[in-house]
Amino acid sequence: MRLESAGIGRRLASLLYEGVLLFAVVFIAGFLFVAFAREADTGLARFVFQLYLFTVCGIYFVYCWAYGGQTLAMKTWRIRLVTGTGTPVSPGRAFLRYVLAIPATVLGFGLIWAYFDRDRQFLHDRLAQTRLVRDDG
């Protein structure tokens, strides 16, 4: 595997595709929660529902990154997540990246950061000491 950095365009395209796939994951998880809880729109039930969805998404991302280095969208766009030295990402580092990526991506500043970063890394990758590299092999 070459450690050539994945371009910003490729990473953004993968991120958009990831959003489509994540919609399906959240939709099914949300349906199952409401089927059992019957309510998720007020008070404690709403908080538990949000925590549940955060956990479901976290399991998806952490598992994919730690045990293979790629989500389905990343496989499609031939991108792999590795540490700064090019080794596979541990579950702990994958979880750290997940937690850091949520506000950085949702608020947009983590993505804008890549245009100013010397290595064109997203902010959450810089902070978690991970890299997105091309996976042409």
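A residue counts as buried when its relative accessible area is under 20%, as exposed when that area is over 50%, and as partly exposed in between. With that in hand, welcome to a few close-up views of this predicted model.

**View 1. Arg97 and Asp125 form a salt bridge between two helices.** The closest N and O atoms of Arg97 and Asp125 are 2.4 Å apart. Arg97 belongs to helix H4, while Asp125 sits in helix H6 (residues 123-128), so to speak a meeting of distant parts of the chain, 28 residues apart. Both partners, Arg97 and Asp125, are buried. Side chains of opposite charge can pair when their charged atoms come close.

**View 2. Arg80 and Asp135 meet in another salt bridge, at 3.0 Å from N to O.** This pair also links distant parts of the chain, with the two positions 55 residues apart in numbering. Arg80 lies in strand E1 (residues 79-83), and Asp135 is found in the segment after strand E2 (130-134). Asp135 counts as buried because its relative accessibility is 14%, below the 20% limit.

**View 3. Four charged residues join into one network.** Here the side chains of Arg126 and Asp119 meet in a salt bridge, 3.1 Å from N to O. Arg126 is partly exposed, at 23% relative accessibility, and Asp119 is partly exposed too, at 40%. Through salt bridges that share partners, Asp117, Arg118, Asp119 and Arg126 become one network. Across the whole structure, the count comes to five salt bridges.

**View 4. A nonpolar patch lies on the surface.** Its members are Leu44, Phe47, Val48, Leu51, Phe54, Phe95 and Val99, which together have about 650 Å² of accessible area. Two elements give two or more residues each: helix H2 (43-66) and helix H4 (91-106). Which helix gives the most to the patch? That is H2, with five residues. Val99 is found in helix H4 and counts as partly exposed, at 35% relative accessibility.

**View 5. Cys57 and Cys64 stay unbonded.** Why is there no disulfide between Cys57 and Cys64? The sulfur of Cys57 is 11 Å from the closest cysteine sulfur, in Cys64, and that is too far for a bond; a disulfide needs the two sulfur atoms within 2.5 Å. The structure as a whole holds zero disulfides. Both cysteines are tucked under the buried label: Cys57 has a relative accessible area of 10%, and Cys64 has one of 15%.

Notes:
Residues are numbered from 1 along each chain as its sequence is written. This is a predicted model: local features need pLDDT of at least 70, side-chain atom pairs count only at pLDDT 80 or more; totals for chains, interfaces and linings use all residues. Side-chain values use heavy atoms; hydrogens and water are left out. Buried means under 20% relative accessible area, exposed over 50%, partly exposed in between (1.4 Å probe, protein chains only). Patches are made of residues with over 30% relative accessible area and no salt bridge: like charges are joined within 9 Å, nonpolar side chains (Val, Leu, Ile, Met, Phe, Trp, Tyr) within 5 Å. Accessible areas come from the Shrake-Rupley method with a 1.4 Å probe; for residues, only the protein chains shown count as cover. Helices (H or I, at least four residues) and strands (E, at least two) are DSSP runs, numbered from the N terminus.
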